[in-house]
Amino acid sequence: MQLFSMSAIRYFVIAGVPFIIFYKLLANWFSQSKIQNRQASRKDFIREILHSMQTTAVFAVIGYLVLFTPLKNHTLVYTDINAYPLWWIPVSLAISLVIHDTYFYWMHRLLHHKKLFRYTHLVHHQSTNPSPWTSYSFHFLEAWTEGAVLFVIVLLMPVHPLTIVLFTIIGFMINVYGHLGYEVAPRWFRHTFLFEILNTSVHHNMHHSKFKGNYGLYFRIWDRALGTEHPDYVKDYDRIQQNRFGVNTNQAIKA
Ligand SMILES: [Zn+2]
Ligand SMILES: [Zn+2]
């Protein structure tokens, strides 16, 4: 129960603060950064929050099973922080995100299979114009398949509970950025190697508006390697950044 309350608070803070900033307080200020022109309705937000609470409960159960039941003895979770060098905490965190991205890509493609889609992933896709509240808006069964990545991580490598906490917080923050509905990537980002490998809010927003393509969670790597990235992605990204900055950020570098 405590785990659920903490996770629920985390959801309302990490999704709620950007929601208040981008959709209420500074909506006009950020209007140039909006990815889709239309607005999602209050009904969408309520549906998303209710499903997200269900997901939060499922994730709390999974966290409890892994950390506080005898199941822990079958995992590689370690509680003595000195059992491994301290640098292993950030390194295992980074590896967790890579494992999660790969797990998510394949699970996501599976859930898009026409036999499974309407019984599971359809709930998440009811939000064709996502907002921060969409981030945990999953069908009950999908919440389990989403959360099961934690089992994969704790079976594959030694992780400290601190790494798990950081992984869920950072993973969720990136998830909220992906569903923000606004592009906030800085102008310089387009011309770095990071743009070639990292997802943006436009990237995942296109997945919601077009249903097909852009299945990755944190990275573009699987989508690019397997040809599932939407062919208009870079063009759409450049168009939105041009709206924001008033110049073609792609041209700027060539000039
Ligand atoms: Zn999907
Ligand atoms: Zn989504």
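Trainee: Which residues do ring pairs link into a cluster?

Mentor: Keep in mind that this is a predicted model. The structure holds 30 aromatic pairs. Some of those ring pairs join up into a cluster, and its members are Tyr11, Phe12, Phe19, Phe22, Tyr23, Phe30, Phe45, Phe59, Trp133, Tyr136, Phe172 and Tyr182.

Trainee: Take phenylalanine 19 and phenylalanine 45: what kind of aromatic pair do they form?

Mentor: Their ring centres are 4.9 Å apart, and the planes make an angle of 80 degrees. Planes over 60 degrees apart count as edge-to-face. So with 80 degrees between the planes, the pair is edge-to-face.

Trainee: Which helices does that pair link?

Mentor: The two residues are 26 apart in the chain. Phenylalanine 19 is buried at 8% relative accessible area, and phenylalanine 45 is buried too, at 12%. Phenylalanine 19 belongs to one helix and phenylalanine 45 to another: helix 1 (residues 2-25) and helix 2 (residues 42-68).

Trainee: And phenylalanine 22 with tyrosine 182, how many residues apart are they?

Mentor: These two form a tilted pair, 5.1 Å centre to centre with 40 degrees between the planes. Phenylalanine 22 is in helix 1, while tyrosine 182 is in the loop between helix 8 and helix 9, and the distance along the chain is 160 residues.

Trainee: Which residue lies over the face of tyrosine 182?

Mentor: Tyrosine 182 is buried, as is phenylalanine 22. Over the face of the tyrosine 182 ring, at 5.5 Å from its centre, lies lysine 34.

Trainee: On to the metals: which residues are the protein donors of the zinc ion (ligand 2)?

Mentor: Each donor uses its NE2 atom, at 2.0 to 2.1 Å from the zinc ion. Along the sequence they are spaced H-x54-H-x24-H-x3-H. The donors are His124, His179, His204 and His208.

Trainee: Is the arrangement of those 4 donor atoms tetrahedral or irregular?

Mentor: The angles run from 91 to 158 degrees. A tetrahedral site needs all angles between 85 and 135 degrees. Because the range reaches 158 degrees, the arrangement is irregular.

Trainee: Is histidine 179 buried or exposed?

Mentor: Histidine 179 sits in the loop between helix 8 (161-178) and helix 9 (193-197). Its side chain makes a polar contact with the side chain of asparagine 175 at 2.8 Å. Under 20% is the cut-off for buried, so at 3% relative accessibility histidine 179 counts as buried.

Trainee: Which residues coordinate the zinc ion (ligand 1)?

Mentor: The coordinating atoms are NE2 atoms, at 2.0 to 2.1 Å. Histidine 108 and histidine 112 are both buried. The residues are His108, His112, His121, His125 and His207.

Conventions. Residues are numbered from 1 along each chain as its sequence is written. Chains are lettered from A and ligands numbered from 1 in the order in which they are written. This is a predicted model: local features need pLDDT of at least 70, side-chain atom pairs count only at pLDDT 80 or more; totals for chains, interfaces and linings use all residues. Side-chain values use heavy atoms; hydrogens and water are left out. Helices (H or I, at least four residues) and strands (E, at least two) are DSSP runs, numbered from the N terminus. Buried means under 20% relative accessible area, exposed over 50%, partly exposed in between (1.4 Å probe, protein chains only). A polar contact is a pair of N or O atoms within 3.5 Å; within protein, one must be able to donate a hydrogen and the other to accept it, and residues adjacent in sequence count only if both atoms are side-chain atoms. Donors are N, O and S atoms within 2.8 Å of the metal (3.2 Å for Na, K and Ca); water is not among the atoms, so sites may look incomplete. Four donors count as tetrahedral if all angles lie between 85 and 135 degrees; four count as square planar and six as octahedral if opposite donors are over 155 degrees apart and all others between 65 and 115; anything else is irregular. Rings of Phe, Tyr and Trp (its six-membered ring) pair if their centres lie within 6.5 Å; planes under 30 degrees apart count as stacked, over 60 as edge-to-face and the rest as tilted. A charge sits over a ring if NZ of Lys or CZ of Arg is within 6 Å of the ring centre and within 35 degrees of the ring normal.
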